[in-house]
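Morning, everyone. I have one structure to walk through today, so let's put it on the screen.

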Amino acid sequence: MIQVQQLVKRYNKAERNAVDGISFDVEAGEFFALLGPNGAGKTTTISVLTTTIAPTSGTATIDGLDIVREASAVRRTVGIIFQRPSLDKNLTGEENVRFHAVLYGVYPYAPSHGLMPAAYREQVAELAAIVGIGDEIFAPIRTYSGGMSRKLEIVRSLIHRPRVLFLDEPTSGLDSPSRRALWSYLERVRRESNTTILLTTHYLEEAEQADRICIIDHGRVVSYGTPAAIKADLVEEFVLIDTAERDALRAELAQLRLPYSGDGPFRVELDGRGTHAVLKSIDTPLNVVQTHMPTLEDAYLEIVGRTDA
Amino acid sequence: MHELSAVLAIAHRDVVKLLRDRTRMISDFVFPLIFIGVLGSSLQAGFGGATQFNILTFVFTGVLAQTLWQSSAMGVISLIEDRENDFSQEIFVSPISRYSILVGKVLGESLVALPQGFAILVFGLVIGVPLSLAAVLALVPVVLIITVFGGAFGVLVLSRLPNRRAATQIFPFIMLPQFFLAGVFNPIGELPPPLEIASRLAPMRYAVDFLRNAYYGIHPEVVEVPLAPIGMNLAIIGGLFAVFIAIGTALFVRAEQNR
């Protein structure tokens, strides 16, 4: 559904590339997360993919459409929820939605809600019900809370039935109940319409819900795969052991075919083996045992910290 | 059809915004009334009697054209505001042509300028500017053309502005000199050559002269007020409109994409 190859974006007068040659693929119907710290190049990537800024080099297609040569068709195919709310505060919720529907050519323009086609009114009512907006949809946006605004943006972004929905840090600035509610709405939307979702986030726990994650930092891909694969790839689980009789331990580790490194203390890779089983299999008396079992979060922070150096 | 619908939606949004913004509605009306009421009346009282020339009417026609032209120019520049409160993202990721966006904006701001023009006409009647029904009817198409022309100028200025702060700083420089170069309050029939050149370069001059042509064609003055024939004004306005829109849109779209 989305193919990105060697994408590069350098802003005018910038000294380094904001996006520095990233590549990834997203399957149809997939929930894909771009994870990375602030300034990693997530929003820039989304802006290029949604054709609002031109790439410096590299190619990308969405549903087979080239983002540069077929920009207009791409825009019709995608929906976006921006990092910062982009509702017109002078208009009501429904007016914002109507404006969007007309801009995307879904319905012809009419100056009031009542004059819009019945199909439009039904669709709005239906989407509003999914996200839990009632009559407030006819109230001015300036009376909306942050969570309500986000809900309305979801309604708006779905009105033209996009095949791909981009969400650029959609939960930033929301409290936890709103955040949780937002996820359940999105999950429902995805189930019911088979929409491909590309999410950017700097929260690991949000990315962990995704089918696949692409971790980027400084505009480059750091890790890429399913949450489980990334975890296996990134999280190094090992146990650090030492003994008074190092030669004996060395011989025993070799005999047990346990991969190890170091010359005392020894670092034994767990690779999925249980700590207890490993320790139990060693007969040499140990005087140091340290387990290293980081969470995915620790691993993520480590990676992000490492590339900062 | 889709593009036309989108143009109408963008224009409608501007009108709705005006109707919901009381402060702006009031300030839109107060300035022209001060110009005509205070400046026009005092000039008339000071010099009008001696010259047999109706200065009040002269200022009235000037301010009418200037207000309409400037109002729609500044309205279009409000796209900058949309950029700052992130609404422009919503417009710019939509599949409609960039030309439609700007055409919709020009149309909307022209519609927004119209009630202002109407209020000035009513005020003119109240303070005794000669205004027959024929003159009002003649002014209708003129007013429409001037607002659309002003909107096109707004597009050109907008395309070169990075943010709203720049807009508020630069606006006095591009608007105030034009008040005098276009002869809104002052006769510009006889200008020294450098000022004459500057005056001919000021787009507002043609809006003002165009309107005076239409007005004085029906209520002639003791001396010939318009500077150039109405056809000439119309041709220049048409040419400038095309140039402003084409260059302004191209620059604006490029600036949006190549940040």
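**Helix packing, chains and two loop residues**

Let me start inside chain B. Helix 1 of chain B and helix 6 of chain B, residues 98-126, pack at an angle of about 40°, and their axes are 8 Å apart. One caution before I go on: this is a predicted model. The crossing of helix 1 of chain B past helix 6 of chain B is right-handed.

Who makes that contact? From helix 1 of chain B we have Glu3(B), Ala6(B), Val7(B), Ile10(B), Ala11(B), Arg13(B), Asp14(B), Val15(B) and Leu18(B). From helix 6 of chain B come Ser100(B), Ile101(B), Val103(B), Gly104(B), Lys105(B), Leu107(B), Gly108(B), Glu109(B), Leu111(B) and Val112(B). By class, the contact of these two helices has 11 nonpolar, three polar and five charged residues.

Next pair, still in chain B. Helix 3 of chain B spans residues 55-77, and helix 10 of chain B spans residues 203-218. Their axes come within 9 Å and cross at roughly 130°. So helix 3 of chain B is oblique to helix 10 of chain B. This crossing, too, is right-handed.

On the helix 3 side of chain B, the contact residues are Thr61(B), Gly62(B), Leu64(B), Ala65(B), Gln66(B) and Trp69(B). Helix 10 of chain B answers with Met204(B), Ala207(B), Val208(B), Leu211(B), Arg212(B) and Tyr215(B). The split here is eight nonpolar, three polar and one charged.

Now step back to chain B as a whole. How many helices and strands does chain B have? There are 11 helices and zero strands. The radius of gyration of chain B is 19 Å, and the globule rule gives 18 Å for 259 residues, so chain B is as compact as a globular protein of that length. Along the principal axes, its C-alpha atoms fill a box of roughly 60 × 40 × 35 Å. Buried residues account for 44% of the 259 in chain B. And of the contacts in chain B between residues at least 6 apart in sequence, 81% join residues at least 24 apart.

On to chain A. Chain A has 11 helices and 14 strands. Its radius of gyration is 25 Å, well over the 19 Å from the globule rule for 309 residues, so chain A is more spread out than a compact globule. The box for the C-alpha atoms of chain A is roughly 85 × 40 × 30 Å along the principal axes. Of the 309 residues in chain A, 37% count as buried. For contacts in chain A with a separation of 6 or more, 68% come from residues 24 or more positions apart.

How do the two chains meet? 26 residues of chain A are in contact with 24 residues of chain B. On the chain A side, helix 2, residues 71-77, and helix 3, residues 93-103, each supply at least two residues. Which element gives the largest share of that side? Helix 3 of chain A, with four residues. The side of chain A that touches chain B is made up of 14 nonpolar, eight polar and four charged residues.

Let's look at that helix across the interface. Helix 3 of chain A and helix 1 of chain B, residues 2-19, have axes that come within 8 Å and cross at roughly 155°. That makes helix 3 of chain A roughly antiparallel to helix 1 of chain B. The crossing is left-handed. Phe99(A), Val102(A) and Leu103(A) contribute from helix 3 of chain A. Ser5(B), Ala6(B), Ala9(B) and Arg13(B) contribute from helix 1 of chain B. That contact counts five nonpolar, one polar and one charged residues. Notice Ala6(B) and Arg13(B): both also appear in the contact of helix 1 of chain B with helix 6 of chain B.

Last item, backbone angles. Most residues other than glycine have a negative phi. Thr51(A) has a positive phi, near 65°. Thr51(A) sits in the loop between helix 1, residues 42-49, and strand 4, residues 57-62, of chain A. Is Thr51(A) buried or exposed? Buried: 25 other C-beta atoms lie within 10 Å, and the cut-off for buried is 20 or more.

Asp63(A) also has a positive phi, of about 55°. Its place is the loop between strand 4 and strand 5, residues 65-66, of chain A. Asp63(A) is partly exposed, because its count within 10 Å is 17 other C-beta atoms.

Terms used
Residues numbered from 1 in each chain as written. Chains lettered and ligands numbered in written order. Predicted model: local features only at pLDDT ≥ 70, side-chain atom pairs only at ≥ 80, totals over all residues. Axes fitted to C-alpha atoms, helices over the stretch in contact; angles between N-to-C directions. Parallel < 35°, antiparallel > 145°, perpendicular 65-115°, else oblique. Left-handed = near helix turned anticlockwise from the far one by under 90°. Contact = placed C-beta atoms within 7 Å. Nonpolar A, V, L, I, M, F, W, Y, C, P; charged D, E, K, R; others polar. Rg over C-alpha atoms; globule rule 2.2 N^0.38 Å. Buried ≥ 20, exposed ≤ 12 C-beta atoms within 10 Å, placed from the backbone.
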